[in-house]
Amino acid sequence: MDRDYVKYALRRVLQAVVVVLLAYVFTFVVISVLPGDPVTNTLRNPQNGFSEEEIQRIVAYYGLDRPVHEQLWQSLSRFVVGDLGVSLRSGLPVSRLISEVLSSTLVLAASALGVALVLAFAIGFGTQYLPKRYGQGLLRAFPSLFLSVPNFVIGLLLINVFAFQLGLFRVIDSEGGLATLFAAIALGIPVSARIAEVLVANLDHESAEEYASVARSRGLGRTGLLLRHLLKPSSLPVVTVVALAVGELLGGAVITEQIFGRTGIGSLVERSVTTQDLPVLQAVVTLAAIVFVGVNLIADLVYPLLDPRVRLGESRSRPKVEVAA
């Protein structure tokens, strides 16, 4: 393996680890300065049913009677070894609470990404195949339309039409296959807009290049030109856009789960905000940061392998990709 690539990969992994740790510290600091005392508001709330012994054990576990910097060091030390703490609301391990709902959110996000990619590539291919009089102009307007409509509006429309009027799925069976599909459509449509914009712009750029004109002059058809010459260079920037779209998928999944009544990270966040369950909130925010940073790290590592024309720069802050002469 190329030594420059190994150095680049190690540097990017180190940067990713630092970003995750900083996200954890930032979340801890923000939560620490929020108004309200978790001991008074949560642990000593009679409705939660904690005994005095249990309260003292949780206070000692988190060091809530110590200075903030000591609490931070203790919390960060546990996080590094995978200990996310215990819930102030239920007394259960936070990792257990997250694991119970994480699979539902991951299925929704992955399905939404699949829907977004299918829609984006359908729009991109359509702009290259269809003449203007048969809808090419309309296809180019779809990304702007998708961006202008919030996903919760799309979700409510899908529920009204396909659940209430057509009866294709039941709202009470929110984890069913069709319910998941329509939830993924609601979440994936806005995400597809950014991917489609980048793909269409790059297809237009590549189709105007000299090599494309030469291929046409040699009698290569539109389909052959698209699949053999235009698709790969036009799809490479999509890798970066997809990585950036992960944040939008995670944020949109929280809203979409509430609309479709799914039990996922969104419902866990809602309960934690209501009850001021700070350890759960901190763990969810950190998990989102890990997923986002991890996906972008994979994109950064894969991109130079996909395109042999690029070489890795020696920038300290963020390695740059330059087109070799």
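These are my notebook entries on a predicted model of one protein chain.

**Entry 1: the whole chain**

I began with the overall make-up and found 12 helices and 2 strands in the protein chain. Reading from the N terminus, I met the helices before the two strands, in the order α-α-α-α-α-α-α-α-α-α-α-α-β-β. I then looked up burial: of the 325 residues, 42% are buried. For contacts with a separation of 6 or more, I noted that 70% join residues 24 or more positions apart.

**Entry 2: helix H5**

Next I turned to H5, which covers residues 94-129. I checked its length against the expected rise: 36 residues at 1.5 Å a residue should span 52 Å, and the end C-alpha atoms are 51 Å apart, so the two agree. I also looked for bends, and H5 has a kink of about 40 degrees centred on Val101.

**Entry 3: who crosses H5?**

I looked at H6 (residues 136-148) and saw its axis come within 8 Å of the H5 axis, with a crossing angle of roughly 155 degrees. That angle makes the pair roughly antiparallel. The crossing is left-handed. On the H5 side, Ile123, Gly126, Thr127 and Gln128 take part; they meet Gln136, Leu139, Arg140, Phe142 and Phe146 of H6.

Then I looked at H10, whose axis also comes within 8 Å of that of H5, crossing at roughly 145 degrees. Which hand does this crossing of H5 and H10 have, left or right? I found it right-handed. The list of meeting residues includes Thr105, Leu108, Ala112, Phe121 and Tyr129 from H5, and Arg222, Leu226, Ser235, Val242 and Glu257 from H10. Gln128 of H5 caught my eye: it is among the residues that meet H6, and it is also among those that meet H10.

**Entry 4: helix H7**

I ran the length check on H7 (residues 151-165) too. Its 15 residues should span 21 Å at 1.5 Å a residue, and the ends are 20 Å apart between C-alpha atoms, which agrees. Which residues of H7 are buried? I wrote down Asn151, Ile154, Gly155, Leu158, Ile159 and Ala163. A reminder to myself: an α-helix has 3.6 residues a turn, so residues three or four places apart point the same way. I followed the buried residues of H7 outward and found them packed against H8 (177-207) and H10 (222-260). After H7 comes Gly167, with a positive phi near 65 degrees.

**Entry 5: three single residues**

I picked Gln71 in H4 (residues 68-80). Is Gln71 buried or exposed? Its relative accessibility is 13%, so Gln71 counts as buried, the cut-off being under 20%. Beyond its neighbours within four places in sequence, Gln71 contacts Phe28, Tyr62, Gly63, Leu64 and Arg66.

My second pick was Leu230 in H10. At 3% relative accessibility, Leu230 counts as buried. Leaving out residues up to four places away in sequence, Leu230 touches Leu203, Glu206, Ser207, Tyr211, Ala212 and Leu225. I also looked up Asn202, which is 28 residues from Leu230 along the chain, with 8.7 Å between the C-alpha atoms.

Last came Val285, which sits in H12 (residues 278-306). Its relative accessibility is 42%, so Val285 counts as partly exposed. From Val285 to Val269 I noted 16 residues in sequence and 9.5 Å in space, C-alpha to C-alpha.

Definitions and conventions
Residues are numbered from 1 along each chain as its sequence is written. This is a predicted model: local features need pLDDT of at least 70, side-chain atom pairs count only at pLDDT 80 or more; totals for chains, interfaces and linings use all residues. Side-chain values use heavy atoms; hydrogens and water are left out. Helices (H or I, at least four residues) and strands (E, at least two) are DSSP runs, numbered from the N terminus. The expected span of a helix is 1.5 Å times one less than its number of residues. The bend at a residue is the angle between axes fitted to the seven residues ending there and the seven starting there. Buried means under 20% relative accessible area, exposed over 50%, partly exposed in between (1.4 Å probe, protein chains only). Contact means heavy atoms within 4.5 Å. Axes are lines fitted to C-alpha atoms, for helices over the stretch in contact, and angles run from 0 to 180 degrees between N-to-C directions. Angles under 35 degrees count as roughly parallel, over 145 as roughly antiparallel, 65 to 115 as roughly perpendicular and the rest as oblique. A crossing is left-handed if the near helix is turned anticlockwise from the far one by less than a right angle, and right-handed if clockwise.
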